[in-house]
Amino acid sequence: MHTKTVTGKSILLKNALVSILIIVFFAAIIIGYYRMLIAEKQDSIIRDGEISAKKAETEIDQYLATSIDAIRLTAYMTESMIDEHKSNEEILEYLSGQSVAVMNAVFINTTGIYALIDGEYLDGAGWIPDEDYVPTERPWYYKTIENNGEITTIEPYVDMQTGSVVMTLAKMLKDGKSVVALDVFLDRIQEIVEESDPSGETRQQIILDDQNMIIAHTDRSEVGNVFGAEPGTLDAACLEQLNLADRDHYEFKYQGSQYIVYQVKMLNGLRCLSIEDASVMFRPLRVLLAVTFVVMLLIVSILGVILYQSGKRAVVAEQLNSQLSSAVEIYHSVQDLNIPAGTFTNIRINDDRITGVLSSNHANAQDGLFDVLNHFVEPMSREEVLRFADLSTLNERLRDRRSIAKEFLSTENHWFRGRFIVSERTPDGRILHVLWLVEDIDTEKRQRDQLLETVTKMNEQMSSVANIYFSMYDIDLANDMLQELRTSVGEESGSDSDHIEHAQTVMYAMMDETSHEQSRNAIHSFIDLSTLSERMKNTNTITEEFLNSKDVWCRTRFVISKRDMDGTIGHVLWLVEGIDEEKRRRDSLIDMSERAIAASEAKSSFLSNMSHEIRTPINAVLGMNEMILRESDDKTSSPIPKASERQATPCWVSSTIFSTSQKSKQAKWKSFRSITIFPLF
């Protein structure tokens with residue numbers, strides 16, 4: 001009996017001990033699982049904050065990058081116009097055209113581009129400020145000047161023209177006193193912030209500038225305030241931890257609640273913060289822990305298995321969903337195609353029309369794909385896109401590749417990109433599963449086409465100017481380097497041609513080989529780079545004519561392409577053009593002029609000498625005649641001719657010839673093309 005009691009107690013003790021061990025075991029499992037859930041929830045919050053912040057960053061950067069590119073291009077072109085001494089009226093005309101182009105074709109959320117050039121305010125949108133408006137006292141001007149040439153972001157303000165809250169992007173020009181600026185409406189940035197977290201229940205999405213000014217906030221009333229300026233607030237605690245943290249995310253406690261912050265740095269000193277109240281997210285887990293411990297005393301084993309299995313599935317599902325959602329977020333639609341079976345599975349569709357087409361009893365993947373493309377691809381390129389979507393040729397086209405893509409235009413004049421990605425193959429390389437993804441690329445495509453058109457037009461314009469030159473070189477005077485831009489008519493080297501060192505030596509060698517011996521000394525002096533800065537101190541171009549080795553006249557020219565602020569020449573263009581016909585025509589005209597001058601001088605000399613030789617004997621004869629008449633007693637002799645009759649005497653003729661020769665000498669310099677040879681008598 002005693003033995004049985006001891007055995008029973010031992011069994012009871014053993015059972016109790018086993019029960020305690022089981023309870024401790026499952027309690028440890030539950031506590032460990034709870035901590036795992038907490039850690040996983042923290043990772044999920046950080047991951048969601050990262051996704052939300054980076055999504056907002058991407059959209060805002062794309063939004064601001066367009067305006068930044070626009071202000072950089074405008075600043076560059078304005079500097080070029082200032083260098084070319086264009087008037088403010090011409091610069092205003094350019095700003096007006098650029099404003100229209102930016103608003104209509106690139107960036108509609110702006111009032112236009114304006115600038116302060118040489119003390120004069122120029123507004124590309126045509127806005128005329130009030131008389132008390134002083135541009136130099138406006139933040140967009142003096143803060144940009146203080147920023148020393150970098151693109152400056154000015155804190156938000158209410159625009160006088162539109163009444164909207166805007167942020168200004170501005171850039172100082174290289175003259176150190178002119179500024180070009182562009183106003184960007186913040187309405188779209190606010191919409192991006194609100195769209196990044198539609199619920200907004202526990203997460204705050206905030207965009208800050210470099211002065212901690214709130215650019216956008218899930219709470220619109222906070223826009224324009226200074227983040228963390230009021231001590232003792234949640235924002236102040238967050239800002240304090242933000243200044244101390246050296247990572248992109250951190251945690252802190254405020255008034256008993258735990259917060260998780262994820263930050264992303266963006267263009268021009270902007271920051272995107274995603275602040276999550278983790279305590280609210282953890283509260284259901286704490287309740288679950290308490291309930292679990294109560295129920296565990298009754299069904300510890302069953303509950304442990306259920307929680308473990310459900311938690312395991314939840315973790316796996318969340319990981320898969322997170323990975324898949326981050327990958328397919330950018331796509332319009334995603335389907336998994338089973339090639340051998342000819343079936344498909346919809347993973348993501350953002351267009352109800354596609355869902356309607358695919359739900360029309362399409363059991364076959366190829367038929368469904370063709371039907372969707374027939375509905376949505378514009379007719380001109382439909383046949384080509386259908387060939388691309390032919391599943392029967394996928395194995396051949398994707399034999400050595402994982403992905404192929406095709407761009408196409410929809411019936412609504414919208415650009416998309418279709419892509420096949422192999423997700424599973426057989427051991428022999430045949431495709432089992434492939435993903436069909438459609439991506440919206442309308443903005444990217446149109447910007448790319450517009451950029452290509454602009455570049456092509458610029459290249460055509462530059463080529464038409466360069467066609468008159470035999471060769472073109474860019475010379476870096478500071479580094480003594482030479483880059484070949486053009487070697488002969490119709491051949492261009494492009495912008496990526498090699499840079500040649502020892503530019504001066506190479507230039508001498510080229511000219512020694514191509515120039516005539518009689519022009520060599522003069523051309524050596526002209527291409528001497530050591531004296532180029534002095535010779536071009538007050539001019540942008542100099543020229544020299546020379547005879548090449550083929551007896552063809554050429555003209556070489558230096559043109560300044562870059563000059564520093566202190567006047568030092570950084571780069572020059574060295575150009576050579578053929579002027580043989582022009583030179584020979586000019587020499588012919590000079591020869592004709594010189595021969596005309598010589599003929600005129602010979603005629604004048606002849607007339608002068610002849611009149612002198614004739615007048616002397618005639619004067620003697622006339623004197624003898626007058627003496628005979630005075631001494632003669634014959635009253636019937638003819639009287640002395642009257643003054644009116646003397647004009648017909650030989651003396652008058654000789655005087656006239658002499659006068660004509662003098663006038664001819666004076667007139668010969670007036671025009672080489674109007675020389676007249678007078679008759680002698």
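In which helix does K583 lie? K583 belongs to helix α15, residues 580-631, where helices (H or I, at least four residues) and strands (E, at least two) are DSSP runs numbered from the N terminus. The model is predicted, so local features need pLDDT of at least 70 and side-chain atom pairs count only at pLDDT 80 or more, while totals for chains, interfaces and linings use all residues. Residues are numbered from 1 along each chain as its sequence is written, and side-chain values use heavy atoms, with hydrogens and water left out.

K583 is buried at a relative accessible area of 12%; buried means under 20%, exposed over 50%, and partly exposed in between (1.4 Å probe, protein chains only). Not counting residues up to four places away in sequence, K583 touches E545 and W553, contact meaning heavy atoms within 4.5 Å. Helix α15 also contains E582, whose side chain meets that of R555 in a salt bridge at 2.9 Å, N to O. A salt bridge here is a side-chain nitrogen of Lys or Arg within 4 Å of a carboxyl oxygen of Asp or Glu. R555 lies in strand β21 (residues 553-563), 27 residues from E582. R555 counts as buried at 13% relative accessibility, whereas E582, at 35%, counts as partly exposed.

An open sheet of 5 strands follows the order β12-β11-β15-β14-β13 with antiparallel pairing; two strands pair if DSSP finds at least two bridges between them. Its edge strands, β12 (343-349) and β13 (403-409), each pair on one side only. Between β13 and β14 (residues 415-425) there are 7 bridges in the antiparallel sense, and A405 stands opposite R419 in β14. Helix α9 (residues 379-388) packs on the sheet through β13, β14 and β15 (431-440), its direction making about 165° with that of β13. Such axes are lines fitted to C-alpha atoms, for helices over the stretch in contact, with angles from 0 to 180 degrees between N-to-C directions.

Within this sheet, R417 and E439 form a salt bridge of 3.2 Å, N to O. Because R417 is in β14 and E439 in β15, the pair ties together parts 22 residues apart in sequence. Both residues are buried, and both join a salt-bridge network with E407, E444, K445, R448 and D449.

Strand β5 (residues 179-185) has 7 of its 7 residues buried. In a regular strand the side chains alternate between the two faces of the sheet. On one side of β5 are V179, A181, D183 and F185, and on the other V180, L182 and V184. Strand β1 (residues 113-117) runs antiparallel to β5, joined by 4 bridges.
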